[in-house]
Amino acid sequence: QVQLVESGGGLVQPGGSLRLSCAASGSISSISVMGWYRQAPGKQRELVAHITSAGSTNFAGSVKGRFTVSRDNAKNTVYLQMNSLKPEDTAVYYCNALLRTQPSATIRNYWGQGTQVTVSS
């Protein structure tokens, strides 16, 4: 089985920073993409950022220049550094990974349980 465990959410004032971490564990052969999605109340889940095993990144337009995503392949861990946070960044943030559990297995999509980020004064 595969587990994605997030940490680092919380309450922060506008303009502040938070760093989210997500560690993947279990039966993992390789991880192609790791990333972060978020879902605000009443809204659909949306991509925030992702990073490939080679280090290529992609960001939602609303977070470009404020958020960075990085990855430690040896630890199967992805990080989201969030700076200059705004109230509209308030959401549950979900870790996501596309991975194989065995070399010949199909790539499957896995999710973490989510961590709340609240930006408020």
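Visitor: Which residue of strand 8 is the bridge partner of Arg71?

Guide: In this predicted model, Arg71 has Val78 of strand 8 as its bridge partner.

Visitor: What makes strand 7 and strand 8 a pair of strands?

Guide: Pairing requires at least two bridges found by DSSP. Strand 7 and strand 8 are joined by 6 bridges and run antiparallel, so the requirement of at least two is met. The hairpin that they form has 4 residues between the strands, and Asn76 takes a positive phi near 50 degrees there.

Visitor: How do you know that strand 3 also pairs with strand 8, and in which sense?

Guide: The same cut-off of at least two bridges applies. Strand 3 and strand 8 share 6 bridges in the antiparallel sense, and therefore they count as paired. One of the residues concerned is Ser21, whose bridge partner in strand 8 is Tyr79.

Visitor: Why is strand 8 called largely enclosed?

Guide: Of its 6 residues, 5 are buried, so strand 8 is largely enclosed by the rest of the structure.

Visitor: What makes Arg19 a charge over the ring of Tyr79?

Guide: The distance criterion is CZ of Arg within 6 Å of the ring centre. Arg19 lies over the face of Tyr79 at 4.1 Å from the ring centre, so the distance condition is satisfied. Arg45 lies likewise over the face of Trp111, at 4.6 Å from the ring centre.

Visitor: Why is the contact between Tyr37 and Trp111 called an edge-to-face aromatic pair?

Guide: Ring centres must lie within 6.5 Å, and planes over 60 degrees apart count as edge-to-face. For Tyr37 and Trp111 the centres are 5.0 Å apart, with 70 degrees between the planes, so both conditions hold. The structure holds 1 aromatic pair. Tyr37 lies in strand 4 and Trp111 in strand 10 (residues 108-111), so the pair ties together parts that are 74 residues apart in sequence.

Visitor: Are Tyr37 and Trp111 buried, exposed or partly exposed, and what are their values?

Guide: Buried means under 20% relative accessible area and exposed means over 50%. Tyr37 has 23% and Trp111 has 36%; both values fall between the cut-offs, so each residue is partly exposed.

Visitor: How do you know whether Phe67 is buried or exposed?

Guide: Phe67, in strand 7, has a relative accessibility of 3%. That is under 20%, so Phe67 counts as buried. Beyond four places in sequence, Phe67 touches several residues, among them Arg38, Val48, Phe59, Leu80, Met82, Asp89 and Tyr93.

Visitor: What makes Asp89 a buried residue, and where does it lie?

Guide: Asp89 lies in the loop between strand 8 (77-82) and strand 9 (91-100). Its relative accessible area is 1%, which is under the 20% cut-off, so Asp89 is buried. Leaving aside neighbours within four places in sequence, Asp89 is in contact with Arg38, Arg66, Phe67, Ser84, Val117 and Val119.

Visitor: Which residues have the most contacts inside the largest nonpolar core?

Guide: They are Trp36, Leu80, Met82 and Tyr93, in a core of 31 residues. Elements giving two or more residues to this core include strand 3 (18-26), strand 4 (30-39), strand 7 (67-72) and strand 11 (115-119). Strand 9 supplies the largest share, 5 residues. Met82 touches, among others, Leu18, Leu20, Phe67, Tyr93 and Val117, not counting residues up to four places away in sequence. In soluble globular proteins, nonpolar side chains tend to be buried together.

Key:
Residues are numbered from 1 along each chain as its sequence is written. This is a predicted model: local features need pLDDT of at least 70, side-chain atom pairs count only at pLDDT 80 or more; totals for chains, interfaces and linings use all residues. Side-chain values use heavy atoms; hydrogens and water are left out. Buried means under 20% relative accessible area, exposed over 50%, partly exposed in between (1.4 Å probe, protein chains only). Contact means heavy atoms within 4.5 Å. A nonpolar core is a set of buried Ala, Val, Leu, Ile, Met, Phe, Trp, Tyr and Cys residues joined through side-chain atoms within 4.5 Å. Rings of Phe, Tyr and Trp (its six-membered ring) pair if their centres lie within 6.5 Å; planes under 30 degrees apart count as stacked, over 60 as edge-to-face and the rest as tilted. A charge sits over a ring if NZ of Lys or CZ of Arg is within 6 Å of the ring centre and within 35 degrees of the ring normal.
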